[in-house]
Each structure stands twice: as C-alpha cells, then as structure tokens.
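Open your viewer and get the cartoon view ready. We will take a short walk through the fold, one selection at a time.

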Amino acid sequence: MTHEAFFRIPKQKEIHIHHTDPLSTNSIADGMLDLLPLSLRSPIVLVCIGTDRSTGDSLGPLTGSFLQEANLTHFHVQGTLAEPIHAVNLEEKLEGIQTQFTNPFIIGIDACLGRMKNIGMIKVGAGPVKPGAGVKKELPHVGHMHMTGIVNVSGYMEFFVLQNTRLNLVMNMAKQLASAIIHADQIYADHKVSLPHKWDVSEENFL
C-alpha cells in the first residue's frame with residue numbers, strides 16, 4: 001500500500017455509545033477530537049466505506065453523503081452513495097488519497113456486526129477499521145482511527161444478515177454519526193480545542 005507519515009496516537013479509552021443516547025453527539029465528537037493530530041493540522045480525511053447495494057453495509061456511504069451536503073470546513077469526505085468506496089475499489093481509492101493529500105490523517109468509517117445487545121452502538125477508537133472482516137473478506141485496513149456502527153448480529157451468514165438489516169436503523173445511525181462529525185468539524189475549525197498531546201510523525205508506516 002501507499003506510504004505515509006505514521007501518527008503515534010496515545011492509548012486511551014474508546015468511546016462506545018448508543019446512537020439514541022442524548023449525549024451521543026457530544027461524546028462522539030469529543031472522542032474524535034481527542035484522537036486528532038490537532039497541533040499538526042494535517043488534512044483530516046474521512047473514508048466512508050460501504051455500498052448502497054446492501055442495506056447494512058450502507059452506513060458508511062450514507063454518512064458520507066450527509067457530510068458532503070453539510071459542506072464541512074476542515075474535514076475531507078471520501079465515499080458517498082453516489083461514489084462509494086467498497087471492496088472492489090478500496091485499494092485504488094486509498095492510493096488516490098495519498099496522492100491528493102500530504103500526510104493525511106485518515107478516519108475509517110464503516111458498518112460492523114456484533115452482539116444482539118450492542119446493535120445501534122457507535123464506537124470511536126484509535127487504529128484502523130478492518131473492512132470486510134464481518135463477511136470474511138481480506139481488504140486493506142483503513143485509517144489512523146476508526147468510527148464504526150454495529151448494525152446487526154454477527155456469527156452466521158453475515159452477508160445475508162447485512163442484506164436484511166433495517167434501513168431505518170442504518171439511516172438513524174448515519175444521521176447521528178454525521179451530526180457528531182459536523183459538530184467536531186465546527187469545534188476544530190473554531191480553534192476551541194486544547195492541544196494536550198505531542199504528536200510524533202518521525203516514523204513512517206503503511207496503511
């Protein structure tokens with residue numbers, strides 16, 4: 001894969017919150033901002049992964065489309081319903097991002113499967129998202145941080161589970177993710193966040 005600056009992110013507690021929680025917008029936004037390389041002001045690229053051909057797997061491109069309509073100030077959106085990033089073109093799109101941006105900080109956004117009790121949960125954490133893991137596909141890992149939403153149950157016939165996921169759930173989760181990201185973009189743009197971490201970009205790594 002393409003070669004890029006390595007961002008050393010301090011280990012910290014991940015954010016896990018249900019998309020209907022009244023605190024979810026602020027919690028997700030705070031989780032994002034805690035992991036961004038604020039002192040470097042590197043380009044922030046949101047890679048929204050998935051396809052509109054599968055209801056459960058449309059969380060990423062739905063979120064991307066909502067964000068594109070919002071005209072974000074500082075975050076760059078890749079992956080929408082009109083131009084999805086999926087298994088077939090993922091590697092090509094990642095290479096294009098490395099060409100288009102200098103040392104981008106990439107946030108991978110994707111749907112995932114999990115336990116029944118966790119359906120509807122949104123997670124924000126350090127490290128890449130692993131697209132295709134739920135349906136046993138080997139795809140490049142994406143991002144310096146990830147934002148994922150549990151849309152259905154894992155464990156059996158995952159491809160069909162994704163196909164039969166309720167659109168209402170995915171739409172609501174995508175709207176909540178987009179709302180939180182828009183909020184984080186506004187805070188980031190207004191320089192209202194502190195700079196608590198020193199970021200090390202002295203090493204290089206691969207996606």
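**First stop: a strand pair**

Keep in mind that this is a predicted model. Select Ile44 to begin: its bridge partner in β5 is Phe105. Now widen the selection to residues 44–48, strand β3, and residues 105–114, strand β5; these two pair in the parallel sense over five bridges.

**Widen to the sheet**

Next, colour the sheet around that pair. It is open, has six strands in the order β2-β6-β7-β5-β3-β4, and its pairing is mixed. Which strands stand at the edges? Select 15–18 and 75–78: these are β2 and β4, and each has a single partner strand, so one side of each is left without a neighbour in the sheet. Turn the view to follow the twist: neighbouring strands are turned by 20 degrees against each other on average, direction ignored.

**Add the helix across it**

Now show residues 167–189. This is helix α5, which lies across β3, β4, β5, β6 and β7 and runs at about 165 degrees to β7.

**Into the cores**

Switch on side chains for Leu36, Phe75, Ile107 and Met147. These have the most contacts inside the largest nonpolar core, a set of 41 residues. Elements giving two or more residues to this core include α1 (24–35), α2 (59–70) and α4 (158–163). The largest share, eleven residues, comes from α5.

Centre on Phe75 for a closer look. Beyond its neighbours within four places in sequence, Phe75 is in contact with residues including Met32, Leu36, Ile44, Leu46, Ile181 and Tyr188.

For the last stop, select Val45, Ile85, Leu90 and Phe101: they are among the twelve residues of another core, which lies apart from the 41-residue one.

Technical notes: Residues numbered from 1 in each chain as written. Predicted model: local features only at pLDDT ≥ 70, side-chain atom pairs only at ≥ 80, totals over all residues. Heavy atoms only, no water. Pairing = 2+ DSSP bridges. Helix = DSSP H or I, 4+ residues; strand = E, 2+ residues; numbered from the N terminus. Axes fitted to C-alpha atoms, helices over the stretch in contact; angles between N-to-C directions. Contact = heavy atoms within 4.5 Å. Core = buried A, V, L, I, M, F, W, Y, C linked by side-chain atoms within 4.5 Å. Buried < 20%, exposed > 50% of the residue type's maximum accessible area, 1.4 Å probe, protein only.
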